[in-house]
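Here are a few short exercises to help you find your way around a new structure. Have a go at each one before you read the worked solution.

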Amino acid sequence: MKNNKIKKLIKNSVIDLLNNTISEKKVKKIAAGHAIKTHFIPIKYRIFGGLLQSLNIQFGNFIEVLIHNVVEQEKYLEIISDVSNKKNVALSITEASDSIIDRFITNRQTNNNDKLNNKFKQLLNSIIKNQKSDNNLITTKHDIDVLFKDTRDNVFYYVEVKYNDDHDTGKFVDINRKFIKTYAGLVKKLNIQNISELKPILYYFNRKIMKGNIYVPEKKYIYRGEKLFDEFFEIKYSDLDDCLQGVSEDKEIVKIFDNLYKKIRYNN
């Protein structure tokens, strides 16, 4: 994939994020919050700063959108468009599946020195068995980062995307619990019959490893940096990384920020 195509892909992902984050509704909400606060910093700068802070927080979401858009470019990969990169998707899991996932998380916290690969495989097989039932269903909302099918072998891949492996202990547990429960919900939605039909992947865009994962096997189900790209994508991770370094100086992106600042400056 040529660099100009990569740059266009990145820019489109950035613009999608900007349009979602700096909408008129978002600006008004931030402005209303600051209007009732007494502060020595002029309100227009506080509003602009609030939007920049929101964008910084949303950078992880940008990586999600980017990976989703990369998948869409691939010839043999098919995005499951009704749920991929969607928020608050209703998924159902049985009470039995819910219980075994919670027990698995608790057991790993108290006894994490045994065979994780075997335990995790047993968990996935148990989930698939339990999800075939329509009794005692629990329906909750889930955010699906990326869901696609490789049309060459008809295998589905659910990818939970994180920018960096730097979450605190409490959130780290929640991430893994959510990851497994979302997988369970997708098993039912996609009518998965065996473990080979749907693979869950916890993906970190950066290669950094902060701590070992005691819940999900590292080699098979956790991908970092270029591994996802090497396995599935024509686009190279190194090319994408290089282009990301320069996106902040793109004239169109800079103009969006300039116009946003002018709008806030002269309307307040």
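**Exercise 1.** Does Asp98 count as buried or exposed?

*Solution.* Keep in mind that you're looking at a predicted model.
Step 1: look up the relative accessibility of Asp98, which is 18%.
Step 2: set that against the cut-off, since buried means under 20%.
Step 3: Asp98 therefore counts as buried.

**Exercise 2.** Work out which side chain meets Asp98 in a salt bridge, and which parts of the chain the pair links.

*Solution.* Step 1: the partner is Lys181, and the distance is 2.7 Å, N to O.
Step 2: place both residues. Asp98 sits in helix α5 (residues 95-110), while Lys181 belongs to helix α7 (residues 169-189).
Step 3: the two are 83 residues apart, so this pair links distant parts of the chain.
Step 4: check the partner too. Lys181 has 14% relative accessibility, so Lys181 counts as buried.
Step 5: widen the view. Asp98 and Lys181 belong to a network of salt bridges that also takes in Asp102 and Arg177.

**Exercise 3.** How many salt bridges does the structure hold? Then take the one between Glu64 and Lys87 and say what the pair ties together.

*Solution.* Step 1: the count is 12 salt bridges.
Step 2: in the Glu64 and Lys87 pair, the side chains meet at 3.6 Å, N to O.
Step 3: Glu64 is in helix α4 (residues 59-73) and Lys87 is in strand β2 (residues 86-94), so the salt bridge ties together parts 23 residues apart in sequence.
Step 4: compare the surroundings. Glu64 counts as buried at 9% relative accessibility, whereas Lys87, at 47%, counts as partly exposed.

**Exercise 4.** Are Lys162 and Glu160 buried or exposed?

*Solution.* Step 1: find the pair, whose side chains meet in a salt bridge at 3.2 Å, N to O.
Step 2: check each partner, and you'll find that both Lys162 and Glu160 are buried.

**Exercise 5.** Describe where Leu66 lies and which residues Leu66 is in contact with, leaving aside neighbours within four places in sequence.

*Solution.* Step 1: Leu66 lies in helix α4.
Step 2: its relative accessible area is 0%, so Leu66 is buried.
Step 3: with those neighbours within four places left aside, the contacts of Leu66 are Leu9, Ile10, Ser13, Leu240 and Leu244.
Step 4: now try Gly33, which is 33 residues from Leu66 along the chain; the C-alpha atoms of these two are separated by 31 Å.

Notes: Residues are numbered from 1 along each chain as its sequence is written. This is a predicted model: local features need pLDDT of at least 70, side-chain atom pairs count only at pLDDT 80 or more; totals for chains, interfaces and linings use all residues. Side-chain values use heavy atoms; hydrogens and water are left out. A salt bridge is a side-chain nitrogen of Lys or Arg within 4 Å of a carboxyl oxygen of Asp or Glu. Buried means under 20% relative accessible area, exposed over 50%, partly exposed in between (1.4 Å probe, protein chains only). Contact means heavy atoms within 4.5 Å.
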